[in-house]
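Thanks, everyone. Let me put the chain on the screen and walk through a few contacts and strands.

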Amino acid sequence: MIRLFISLDKELGLEFNTAKIERFSECKLHFIKGEVIEILYEDYLYIFIDEMLGRLRNIPILNNRNMLGKIGKWQEYYYFESSYNEKHYKEIDIMKKAIFIGTESYGLFLYQCDGKIWLEIDKGFSELDKLNPLEYFSDPDNYRILLSYIPTEVIKEWKEQLEKIEKVLS
């Protein structure tokens with residue numbers, strides 16, 4: 001497993017067969033918080049490597065400080081009326097540029113704000129929720145799982161680990 005450390009007790013993990021690394025190797029993305037391990041997504045290894053390295057090599061700058069920690073509000077904009085989306089096309093565009101990994105149930109976003117790099121992990125809307133999508137996404141406490149500052153040195157470590165896998169895949 002590749003471990004992308006976020007803090008002392010939080011990390012992302014990419015689990016795959018390290019003995020036989022291939023482009024179409026099955027891979028699981030974990031969010032590890034202390035002893036709790038949650039699988040966020042499963043896909044082919046190259047998908048994770050391509051998307052994560054693509055973002056790490058081009059981290060967007062968030063100029064709208066009001067969106068810090070709230071990018072996940074726009075991760076499922078298709079639930080909203082088109083007129084609402086038209087009014088908020090800038091926020092939706094920023095969200096799309098910040099995607100680190102997008103899954104069916106979660107959005108992971110990586111961006112710069114105020115000279116720092118931030119990782120935001122957000123849970124998507126569930127039809128089982130008692131709120132409608134607009135109510136659900138109106139409060140980050142409903143969807144935000146993590147907002148964490150990631151030091152530049154940590155980003156370099158992530159990049160190095162993922163680039164080693166990228167070389168094997170090419």
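Arg57 is partly exposed, at a relative accessible area of 45%. Bear in mind that this is a predicted model. The side chain of Arg57 meets Glu163 in a salt bridge, 3.2 Å from N to O. That pair links distant parts of the chain, 106 residues apart. Arg57 sits in the loop between α1 (45-56) and α2 (82-87), and Glu163 is in helix α6. Glu163 is partly exposed too, at 25% relative accessibility. Glu166 joins in: Arg57, Glu163 and Glu166 are linked in a network of salt bridges.

Stay with α6, residues 152-169. What does this helix lie across? It crosses β5, β6 (106-113), β7 and β8, running at about 105° to β8. Those strands make an open sheet of four, ordered β5-β6-β7-β8, with antiparallel pairing. β5 (99-102) and β8 (144-150) are at the edges with a single partner strand each, so one side of each has no neighbour in the sheet. On average, neighbouring strands here are turned by 10° against each other, direction ignored. Between β7 (residues 116-123) and β8 there are six bridges. One detail there: Leu119 has Ser148 in β8 as its bridge partner.

Now the start of the chain. β1 (residues 2-7) and β2 (residues 10-15) pair antiparallel over five bridges. They form a hairpin, with two residues between the strands. Phe5 stands opposite Glu11 in β2. Glu11 also has a charged partner: Arg3, in a salt bridge with closest N and O atoms 2.3 Å apart. Is Glu11 buried or exposed? Glu11 is buried, with a relative accessible area of 9%. Arg3 counts as partly exposed, at 36%.

Compare Glu22 and Lys20. Their salt bridge has its closest N and O atoms 4.0 Å apart. Glu22 is partly exposed at 42%, and Lys20 is exposed at 52%. In total, the count comes to seven salt bridges.

Last, an acid with no such partner. Asp43 is in strand β4, residues 36-44. Asp43 is buried, yet has no salt bridge. How far away is the nearest side chain of opposite charge? That is Arg23, 11 Å away. What Asp43 does have is a polar contact of 3.1 Å with the side chain of Tyr41. Leaving out residues up to four places away in sequence, Asp43 touches Ser25, Glu26, Cys27 and Phe48.

Notes. Residues numbered from 1 in each chain as written. Predicted model: local features only at pLDDT ≥ 70, side-chain atom pairs only at ≥ 80, totals over all residues. Heavy atoms only, no water. Buried < 20%, exposed > 50% of the residue type's maximum accessible area, 1.4 Å probe, protein only. Lys, Arg positive; Asp, Glu negative; His and termini not counted. Polar contact = N/O pair within 3.5 Å; in protein donor to acceptor, adjacent residues only side chain to side chain. Contact = heavy atoms within 4.5 Å. Pairing = 2+ DSSP bridges. Axes fitted to C-alpha atoms, helices over the stretch in contact; angles between N-to-C directions.
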